Amino acid sequence: LYSYLYDHGKRATISVQPHSANFSTDQFKPTLDFTSHIGRAYVVDLEDRSSAAIVGEKSWVLINAPNKMAADVLQNLINSLEPVRS
């Protein structure tokens, strides 16, 4: 579990979790979706919070902001994520 501070002290949580081989994004209803270099990103802007899922080949990154995060801030955060290469 990771955290990201934005807008002067608001905190978003970030986690990386495996997903199953038969995982499907068909039920996602994103406000915004785009391709990042770590996978397809799905952003949902809800009334008072923001959430995102970046779907990779075997895992996904989940971002949850209990306070609304501006779409460009969330997209910049997603685009800044990079896998660790050894």
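A nonpolar core is a set of buried Ala, Val, Leu, Ile, Met, Phe, Trp, Tyr and Cys residues joined through side-chain atoms within 4.5 Å. Keep that in mind as you click around this model, which is a predicted one.

**Stop 1: the main core**

Select Ile63, Leu74 and Ile78. In the largest nonpolar core, which has 15 residues, these three touch the most other members. Now colour the elements that feed this core: strand S2 (10-18), strand S4 (39-45), strand S5 (50-55), strand S6 (59-65) and helix H1 (71-80) each supply at least two of its residues.

Stay on Ile63 and show what surrounds it. Leaving out residues up to four places away in sequence, Ile63 touches Ala12, Thr13, Ile14, Ser50, Ser51, Ala52, Ile54, Leu74, Leu77 and Ile78.

Then pick Tyr42, Ala53, Trp60 and Leu62. They belong to a second, separate core of five residues.

**Stop 2: the two sides of H1**

Move to helix H1 and look down its axis. Which residues of H1 are buried? Leu74, Leu77 and Ile78 are. They sit on the same side of H1 because they cover an arc of only 95 degrees around the axis. There is a simple rule behind such patterns: an α-helix has 3.6 residues a turn, so residues three or four places apart point the same way.

Swing the view round to the other side of H1 and you'll find Asp72 and Asn76, which are exposed. Back on the buried side, show the strands too: the buried residues of H1 pack against strand S1 (2-6), S2, strand S3 (32-36), S4, S5 and S6.

**Stop 3: Ser51**

Next, select Ser51, in strand S5. Is Ser51 buried or exposed? Its relative accessibility is 13%, so Ser51 counts as buried, the cut-off for buried being under 20%. Turn on side chains here: the side chain of Ser51 makes a polar contact with that of Asn64, at 2.8 Å. Setting aside residues up to four places away in sequence, Ser51 touches Tyr42, Val43, Val44, Ile63, Asn64 and Leu74. You've already met Ile63 and Leu74 in the largest core, and Tyr42 in the second one.

**Stop 4: the largest pocket**

Switch on a surface. Rolling a probe the size of a water molecule over the atoms shows where empty space is left. The largest pocket holds about 290 Å³ of space. To find it, select Val16, Ile38, Val61, Leu81 and Glu82, which lie nearest its centre among the 14 lining residues. S2 and S6 each supply at least two residues of that lining, and S6 gives the most, with three.

**Stop 5: the loop between S1 and S2**

Hop over to Asp7, in the loop between S1 and S2. What is unusual about the phi of Asp7, which is not a glycine? Its phi is positive, about 45 degrees. Asp7 is partly exposed, with a relative accessible area of 42%.

His8 is in the loop between S1 and S2 as well. Its phi is also a positive value, near 60 degrees, in a residue other than glycine. At 87% relative accessibility, His8 counts as exposed.

**Stop 6: Leu5**

Finish in strand S1, at Leu5. Apart from neighbours within four places in sequence, Leu5 is in contact with Lys10 and Arg11. For a last look, draw a distance from Leu5 to Lys29: they are 24 residues apart in sequence, and 26 Å separates them in space, C-alpha to C-alpha.

Notes
Residues numbered from 1 in each chain as written. Predicted model: local features only at pLDDT ≥ 70, side-chain atom pairs only at ≥ 80, totals over all residues. Heavy atoms only, no water. Buried < 20%, exposed > 50% of the residue type's maximum accessible area, 1.4 Å probe, protein only. Helix = DSSP H or I, 4+ residues; strand = E, 2+ residues; numbered from the N terminus. Contact = heavy atoms within 4.5 Å. Arc of directions from axis to C-beta. Polar contact = N/O pair within 3.5 Å; in protein donor to acceptor, adjacent residues only side chain to side chain. 1 Å grid on protein atoms, 1.4 Å probe; cavity = no way out; pocket = protein on both sides within 12 Å on 5 of 7 lines; lining within 4 Å. Points joined across faces, edges and corners; volume = space filled by probe spheres on them.
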